[in-house]
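Good morning, colleagues. Please have the sequence and the model in view while I speak; I shall go through packing, then the surface, then the charged pairs.

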Amino acid sequence: MTTISSIGRILFVSVFVLSAYQEFSEFGSDGGPAAKALGPKFSVLSKHVATHIGFELPHVEMKHLILGAIVLKSLGSLLFIFGSTVGAVLLLVHQAVASPVLYDFYNYDVDKKEFVQLFFKFSQNLALLGALLFFIGMKNSMPRRSSSSSSKKVSKAKAN
C-alpha cells in the first residue's frame, strides 16, 4: 500500500517539478519568459488591490517572484514526495497565490477565446489545490502510531 501511495505522490508532484524545472531552465538574468508574462498580470493585480482595498503593493522585481515560485515548488515537491504535510502546505500556498494571478480569466469577456483558455487552466489548478487539501485532510485524520510499549497488546499466558 505504501509503494502505491509513494508512486502516486511522485506522479502528482511531477507536475510541480516539471514546471519548476522549465521556469529554472529559462530563467536567465531577467527572469525569462515567465517574468515577462507575469509583469502585466501583476500590474493589473496591483491596480485592483489599490482601487478596491486601498493598499498599494510594493514594487517587486518579477525575477524575484519567479525565483520564489521555483523555490516554493521545488522545496514543496521534495517534502511532499516523502509524505510531509509541510510540503503539501507549501504547494497549496503556491497554488492559492499563483493561480488567480496567472490565470486571470475574470479580466476577459466570456465570448473571448482567452477567457476559455484561462478558465480551463484555472480549473485544472483548482483540481490540484483540491487534491492537496485532500492529502492534508487525510494525513491529519489518520491516527498516529505510537512506538511506546503501553499501546502494544500484552499476550496472556494460556492456562492448561
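Leu128 touches Phe12, Val15, Phe16 and Gln95, leaving aside residues up to four places away in sequence. I should say at once that this is a predicted model.

Which residues make up the largest nonpolar core? Leu128 is one of its 12 residues, and two of the residues it touches, Phe12 and Phe16, belong to the core as well. The other members are Val13, Phe80, Ala88, Leu91, Leu92, Leu129, Leu132, Phe135 and Ile136. Helix 1 (2-25), helix 4 (85-102) and helix 5 (113-141) are the elements that give two or more residues to this core. Helix 5 provides the largest share, with five residues. Another core, of nine residues, lies apart from this one and includes Ala20, Phe27, Met62 and Val101.

I turn now to the surface. Leu67, Val71 and Leu75 form a nonpolar patch there, and together they have about 250 Å² of accessible area. Leu67 lies in helix 3, which covers residues 62-81. Is Leu67 buried or exposed, or does it fall in between? Its relative accessibility is 37%, so it counts as partly exposed.

A record is relevant at this point. In an unreviewed entry, UniProt places the feature "transmembrane region" at residues 65-98 and at residues 118-138. In the model, residues 65-98 are 91% helix and 0% strand, with the end C-alpha atoms 10 Å apart. Residues 118-138 are 100% helix and 0% strand, and here the end C-alpha atoms lie 30 Å apart.

Finally, the charged pairs. Side chains of opposite charge can pair when their charged atoms come close. How many salt bridges does the structure hold? There are two.

In one of them, Asp30 pairs with Lys36, and the closest N and O atoms are 3.0 Å apart. Asp30 is partly exposed, because its relative accessible area is 41%. Lys36 has a relative accessibility of 56% and therefore counts as exposed.

The other salt bridge joins the side chains of Asp104 and Lys41, at 3.0 Å from N to O. This pair links distant parts of the chain: Asp104 is in the loop between helix 4 and helix 5, Lys41 is in helix 2 (residues 32-52), and the two are 63 residues apart. Asp104 has a relative accessibility of 5%; since buried means under 20%, Asp104 counts as buried.

Methods
Residues numbered from 1 in each chain as written. Predicted model: local features only at pLDDT ≥ 70, side-chain atom pairs only at ≥ 80, totals over all residues. Heavy atoms only, no water. Core = buried A, V, L, I, M, F, W, Y, C linked by side-chain atoms within 4.5 Å. Buried < 20%, exposed > 50% of the residue type's maximum accessible area, 1.4 Å probe, protein only. Helix = DSSP H or I, 4+ residues; strand = E, 2+ residues; numbered from the N terminus. Contact = heavy atoms within 4.5 Å. Patch = residues over 30% accessible without salt bridge, like charges linked within 9 Å, V, L, I, M, F, W, Y side chains within 5 Å. Areas by Shrake-Rupley, 256 points an atom, 1.4 Å probe, with all protein chains shown as cover. Salt bridge = Lys/Arg side-chain N within 4 Å of Asp/Glu carboxyl O. UniProt positions renumbered as here; feature names shortened; annotations may be inferred.
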